[in-house]
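Trainee: I am new to this structure, and I would like a close look at a single part of it. Could you walk me through the largest pocket and what surrounds it?

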Amino acid sequence: MGVDGETAGIISLTDTVKAGWAAAIDRLKDLGLRPILLTGDSAAAAASVAAAVGIPAEDVLGGSCRKAKWKRSGSFRHPGLPWR
C-alpha cells in the first residue's frame with residue numbers, strides 16, 4: 001500500500017485453518033492413509049496450511065491448475081481401486 005508514491009504499509013492475506021482439520025489429518029494417518037495437499041493456491045500458501053495441519057512439505061503440491069490437479073490426482077490412485 002502506498003501514499004504519495006511511498007510505501008506506507010503492507011496488506012497480507014492468509015488462509016485460516018478450521019478447528020478440527022489437524023485432528024482429521026491425524027485420524028487419516030492413524031488409518032494408514034497418506035494425506036496429500038493438492039491445491040491451486042500458491043506454493044507458499046499451501047505450505048503454510050499443510051504445516052498447520054501436519055502434512056509434510058514433500059506431500060504438498062501448490063500452484064496447480066484444474067487440469068494439472070486432475071492429472072496429478074490420478075497418479076495417487078491405488079492400483080486396486082477403480083478410477084471414477
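Mentor: Happy to help; we start with the whole chain, then turn to the pocket, the core and a salt bridge.

This is a predicted model, in which local features need pLDDT of at least 70 and side-chain atom pairs count only at pLDDT 80 or more, while totals for chains, interfaces and linings use all residues. Residues are numbered from 1 along each chain as its sequence is written, and side-chain values use heavy atoms, with hydrogens and water left out.

The protein has three helices and four strands, where helices (H or I, at least four residues) and strands (E, at least two) are DSSP runs numbered from the N terminus. Along the sequence they follow the pattern β-β-α-β-α-β-α.

Now to the pocket. On a 1 Å grid over the protein atoms alone, a pocket is an open set of points where a 1.4 Å probe fits, with protein on both sides within 12 Å along at least five of seven lines; lining residues have an atom within 4 Å of a point. The largest pocket has a volume of about 170 Å³, a volume being the space filled by probe spheres set on the points, which are joined across faces, edges and corners. Of its 13 lining residues, W21, L37, V49, V53 and I55 are the closest to its centre. Two elements, α1 (21-30) and α2 (43-53), each give two or more residues to the lining, and α2 provides the largest share, four residues. By type, the lining has nine nonpolar, two polar and two charged residues; Ala, Val, Leu, Ile, Met, Phe, Trp, Tyr, Cys and Pro count as nonpolar, Asp, Glu, Lys and Arg as charged, and the others, Gly among them, as polar.

Next comes the core. The largest nonpolar core consists of I25, A46, A50, V53, I55 and V60; such a core is a set of buried Ala, Val, Leu, Ile, Met, Phe, Trp, Tyr and Cys residues joined through side-chain atoms within 4.5 Å. Its largest share, three residues, comes from α2.

Finally, the structure holds one salt bridge, meaning a side-chain nitrogen of Lys or Arg within 4 Å of a carboxyl oxygen of Asp or Glu. R34 and D59 form it, at 2.4 Å, N to O. R34 sits in the loop between α1 and β3 (37-38) and D59 in the loop between α2 and β4 (60-61), so the pair ties together parts 25 residues apart in sequence. D59 counts as buried at 7% relative accessibility, whereas R34 counts as exposed at 56%; buried means under 20% relative accessible area, exposed over 50%, and partly exposed in between (1.4 Å probe, protein chains only).
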